[in-house]
Amino acid sequence: MAPSGIAPVATLGERFEMTPLGKLLSTQNGICNRLLGIPVVHWFATRIGPARLRARSFDVKYRSGEWDFRSDSRDLARLVEEYINKGHLLVLGCGTCSIVRDLTPNSFTSLLGIDLSVEAITRARRSSGSRERFEVGDMLTFQCQQQYDVVLFSESLYYVPGRHRAALLHSLRANLTDTGRVIVTIAEPKRYAAILKAIRLAFDVEVDRALDSGERHVLVFR
Ligand SMILES: C[S@@+](CC[C@H](N)C(=O)[O-])C[C@H]1O[C@@H](n2cnc3c(N)ncnc32)[C@H](O)[C@@H]1O
């Protein structure tokens, strides 16, 4: 019971955790990990599951080797370098942060990567340089401690529930430097057309194009 005497309302994720399937997926065994590796289960767990289950579903992807984003796009790295001004980079949903390997050394002063997956952060830390820091955290509740020149969502914004997406992007604007920009990449622009459209309507979009002349799309805005 909450102090006010009013029973707290369980979130959708917490209610899911109380169902038989939610309880099963929360137990630590190989069968559950295999279940979480099934695309449709992974989709539901990462979109409506509680943070713990989402984190575990992402861990499964990294541990199974299915997610091994070794080489990112040099085109994306060039864009980041153009806007970062040798300043500070925040990567939300950084995973193993493969983009670091594509950035020119000394093109940034600091890089902070945040990801829900312990496995991804452990791997990112293995090869991190002195100006890079990687922390386990939820980008939905992450509190910026400084201003950033670039906030990058590389294939991670679609994991933010639709009802929180605009608020998150608007709140990040307060933590951009005067010339700071948010950069979002979306590998399946047709599938996530609504996200691209919502950003175009609500923000000043400067770059809106395909990356590496391929399917993957990038938006730069503030
Ligand atoms: C498709 S991967 C992309 C990883 C990386 N940005 C890249 O481009 O290689 C999506 C990442 O977003 C992370 N993620 C999803 N929801 C998150 C959240 N709420 N907070 C932090 N990270 C999250 C996942 O753990 C996963 O590592």
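User: What puts a residue near the ligand here?

Analyst: A residue is near a molecule if its C-beta atom, placed from the backbone, lies within 6 Å of that molecule. In this predicted model, 18 residues surround the ligand, and the closest are Phe58, Phe69, Gly93, Gly95 and Ser154.

User: What makes up the shell around the ligand by class?

Analyst: The shell holds 9 nonpolar, 6 polar and 3 charged residues. Gly counts as polar and Phe as nonpolar in this division.

User: Why is H4 called oblique to H5?

Analyst: The axes of helix H4 (residues 39–48) and helix H5 (residues 51–63) cross at roughly 140° and come within 7 Å. Angles over 145 degrees count as roughly antiparallel and 65 to 115 as roughly perpendicular. The angle of roughly 140° falls in neither range, so H4 is oblique to H5. The crossing of H4 with H5 is left-handed.

User: Which residues make the contact between H4 and H5?

Analyst: H4 contributes His42, Ala45 and Thr46, while H5 contributes Leu53, Arg54, Ser57 and Phe58. By class, this contact has 3 nonpolar, 3 polar and 1 charged residues. Phe58 of H5 is also listed among the closest residues to the ligand.

User: Is Phe44 buried, exposed or partly exposed, and why?

Analyst: Phe44 lies in helix H4 and has 17 C-beta neighbours inside 10 Å. Buried requires 20 or more, and exposed requires 12 or fewer. The count of 17 lies in between, so Phe44 is partly exposed.

User: How many residues separate Phe44 from Ser57 in sequence, and what is their distance in space?

Analyst: They are 13 residues apart in sequence, with a C-alpha to C-alpha distance of 9.9 Å.

Conventions:
Residues numbered from 1 in each chain as written. Predicted model: local features only at pLDDT ≥ 70, side-chain atom pairs only at ≥ 80, totals over all residues. Axes fitted to C-alpha atoms, helices over the stretch in contact; angles between N-to-C directions. Helix = DSSP H or I, 4+ residues; strand = E, 2+ residues; numbered from the N terminus. Parallel < 35°, antiparallel > 145°, perpendicular 65-115°, else oblique. Left-handed = near helix turned anticlockwise from the far one by under 90°. Contact = placed C-beta atoms within 7 Å.
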